[in-house]
Amino acid sequence: MTGLPLVWGEKGPFDPGSRPAAAYRELGRSFELQPVDVLDPATLARGRALFLAQPQRLAPAELADLDAWIRRGGRALILTDPLLAWPSELPPTDIRRPPPVGLLGPLLDHWGLTLDPPAQAGEVESRRDGRRLLLDSPGRLRSSGAQCAVDEAGLTAFCRLGRGSARVVADADLLRDSLWERRSAENPAVVEAWLHELTGTAPPPRPARYSRAEIGVAFMLLALLTATGLLLRRRRNR
């Protein structure tokens, strides 16, 4: 479930220029994604895990059903952004626009979590298990209880709730095409690892992604080694 234009684009499935976001296409290769419009017991029972990314405002009953589902053994990856920088061509009053702020305050409060505004505006790089994660003006999470453990940077929290668990991330822009497809970032690998962690499945091997600068350096080293080899051969042939 998401308020971001991931599935069809922000103008909907009937727009000729509509297309799924890169994140939705890529995650769909590793997981069977089933978009949902409402969170209730019947809907939540359909999947092994829930990916909740900057949703529109949920009804109190939906928040209660989600909390109960997780405590019975459900798993959830939740992206909630206090300052979304997602670009939109829709008018400011259009309800199809992504929520500019996270709307999950009541749920986070219930879990003892607080989402603070960004400490730094603009793009932020974070290391996750040796991978580069690129975010945009991420918030900071604080925990006031024993249910949720927040990482050092305050970017993510892992909550053990009854028989289930939830990972909360203080940014949703990391799914944006401009960050998801950035060669210098590894957002796809990080998000997939979080989802595999929740579902208890093993991620497949993923080829390394290199930035243009890294590729340029590699070509320079290759050219230097080749030139050195030719020079040595010429000297030996003399």
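This report walks through the overall build, the disulfide and the two biggest pockets of one protein.

**Overall build**

The model is a predicted one. It shows a protein with seven helices and nine strands. The protein has 238 residues, and 43% of them count as buried. What share of the contacts with a separation of 6 or more joins residues 24 or more positions apart? The share is 66%. The surface can be put into numbers too. About 13300 Å² of the protein is exposed. Carbon and sulfur atoms supply 56% of that area.

**The disulfide**

How many disulfides does the structure hold? It holds one. Cys 148 and Cys 159 form the pair, with an S to S distance of 2.0 Å. Cys 148 sits in strand β7, which covers residues 148–150, and Cys 159 sits in strand β8, residues 156–161, so the bond ties together parts that are 11 residues apart in sequence. The torsion about the S-S bond is about 110°, so this disulfide is right-handed.

Are the two cysteines buried or exposed? The cut-off for buried is under 20% relative accessible area. Cys 148 has a relative accessibility of 5%, so Cys 148 counts as buried. Cys 159 has a relative accessible area of 0%, so Cys 159 is buried as well.

**The two pockets**

The table sets out the volume and the lining of each pocket.

| Pocket | Volume | Lining residues | Nonpolar | Polar | Charged |
|---|---|---|---|---|---|
| Largest | about 1200 Å³ | 44 residues | 25 residues | 11 residues | eight residues |
| Second largest | about 390 Å³ | 18 residues | six residues | five residues | seven residues |

Take the largest pocket. Which residues lie nearest its centre? They are Met 1, Gln 34, Pro 35, Val 36 and Phe 51. Several named elements help to build the lining. Helices α1 (22–30), α2 (41–44) and α6 (187–199) each supply at least two residues. Strand β1 (49–53) also supplies at least two. Among the lining residues, 25 are nonpolar.

Now the second largest pocket. Pro 5, Gly 9, Glu 10, Arg 19 and Trp 86 lie nearest the centre of this pocket. Its lining includes seven charged residues, along with six nonpolar and five polar ones.

**In brief**

The predicted model has seven helices and nine strands. One disulfide is present, and it links Cys 148 to Cys 159. The largest pocket has a volume of about 1200 Å³, and the second largest holds about 390 Å³.

Conventions: Residues numbered from 1 in each chain as written. Predicted model: local features only at pLDDT ≥ 70, side-chain atom pairs only at ≥ 80, totals over all residues. Heavy atoms only, no water. Disulfide = S-S within 2.5 Å. Helix = DSSP H or I, 4+ residues; strand = E, 2+ residues; numbered from the N terminus. Buried < 20%, exposed > 50% of the residue type's maximum accessible area, 1.4 Å probe, protein only. Contact = heavy atoms within 4.5 Å. Areas by Shrake-Rupley, 256 points an atom, 1.4 Å probe, with all protein chains shown as cover. 1 Å grid on protein atoms, 1.4 Å probe; cavity = no way out; pocket = protein on both sides within 12 Å on 5 of 7 lines; lining within 4 Å. Points joined across faces, edges and corners; volume = space filled by probe spheres on them. Nonpolar A, V, L, I, M, F, W, Y, C, P; charged D, E, K, R; others polar.
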